[in-house]
Amino acid sequence: MAGEPPALVMDPVLFLEGVTDPLRRHPLEAWRDGLCRLVLTRRTMAHLLRLLKGIGLPEELLRRWALWLTDPQRVLLLPD
């Protein structure tokens, strides 16, 4: 569909590096700014949230990430 941002498939390790390393944050910043949509399955989304929890992210930030990862404007959710 015209006008939709391009899809971005990101390896979970690269996603986590984007969260933890400012030098690797460009893809996540593009996603945040609406320049692309993240492509996920529910299983991958759950895995990303577990990774974020594993690095010690506080519950408040985990909830915020969960909202972003389930936003249909920002995420293209594919069947598992």
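Modeller: Before we turn to helix 3, a residue is called exposed when its relative accessible area is over 50% and buried when it is under 20%, with partly exposed in between. Please keep in mind that this is a predicted model.

Colleague: Which exposed residues does helix 3 carry on the face turned away from its buried side?

Modeller: That face of helix 3 carries the exposed residues Arg43, Arg50, Lys53 and Gly54.

Colleague: What makes Arg43 an exposed residue?

Modeller: Arg43, which lies in helix 3, has a relative accessible area of 58%, and the term exposed asks for a value over 50%, so Arg43 is called exposed. As for its place in the fold, the C-alpha atoms of Arg43 and Gln73 are separated by 19 Å, the two residues being 30 apart along the chain.

Colleague: Which residues of helix 3 are buried, and how do you know that they are on the same side of the helix?

Modeller: The buried residues in helix 3 are Met45, Leu48 and Leu52. They cover an arc of only 60 degrees around the axis, and therefore they are placed on the same side of helix 3. The general background is that an α-helix has 3.6 residues a turn, so residues three or four places apart point the same way.

Colleague: How do you know that the span of helix 3 agrees with its 13 residues?

Modeller: Helix 3 runs over residues 42–54, and at 1.5 Å a residue its 13 residues should span 18 Å; the expected span is reckoned with one less than the number of residues. The end C-alpha atoms of helix 3 are 18 Å apart, so the two values agree.

Colleague: Turning to helix 4, why is Leu69 called buried?

Modeller: Leu69 has its place in helix 4, and its relative accessibility is 1%, set against a limit of under 20%, so Leu69 counts as buried. From C-alpha to C-alpha, Leu69 and Leu48 are 9.1 Å apart in space, and in sequence they are 21 residues apart.

Colleague: What makes Pro72 and Val9 count as exposed?

Modeller: Pro72, found in the loop between helix 4 and strand 3, has a relative accessibility of 58% and therefore counts as exposed. Val9, in the loop between strand 1 and helix 1, has a value of 67%, so Val9 counts as exposed too. Pro72 is 12 Å from Thr41, C-alpha to C-alpha, with their positions 31 residues apart in sequence, whereas the C-alpha atoms of Val9 and Ile55, 46 residues apart along the chain, are separated by 22 Å.

Colleague: Why are strand 1 and strand 3 called the edge strands?

Modeller: Three strands form an open sheet in the order 1-2-3, with parallel pairing, and strand 1 (7–8) and strand 3 (75–78) each pair on one side only. Strands count as paired when there are at least two bridges between them. Two bridges join strand 1 to strand 2, and Ala7 has Arg37 as its bridge partner in strand 2. Strand 2 (residues 37–41) pairs with strand 3 over four bridges, where the bridge partner of Thr41 is Leu78.

Colleague: Why is strand 2 described as largely enclosed by the rest of the structure?

Modeller: Five of the five residues of strand 2 are buried, so the strand is largely enclosed by the rest of the structure. Arg37, Val39 and Thr41 point one way from strand 2, while Leu38 and Leu40 point the other way, and all are buried.

Colleague: What is the volume of the largest pocket, and how does its lining divide by residue type?

Modeller: The largest pocket has a volume of about 310 Å³, and its lining residues divide into seven nonpolar, one polar and four charged. Among the lining residues are Gly18, Trp31, Arg32, Leu61 and Trp68. Helix 1 (12–20), helix 2 (26–32) and helix 4 (59–69) each supply at least two residues of that lining.

Note on methods. Residues numbered from 1 in each chain as written. Predicted model: local features only at pLDDT ≥ 70, side-chain atom pairs only at ≥ 80, totals over all residues. Heavy atoms only, no water. 1 Å grid on protein atoms, 1.4 Å probe; cavity = no way out; pocket = protein on both sides within 12 Å on 5 of 7 lines; lining within 4 Å. Points joined across faces, edges and corners; volume = space filled by probe spheres on them. Nonpolar A, V, L, I, M, F, W, Y, C, P; charged D, E, K, R; others polar. Buried < 20%, exposed > 50% of the residue type's maximum accessible area, 1.4 Å probe, protein only. Arc of directions from axis to C-beta.
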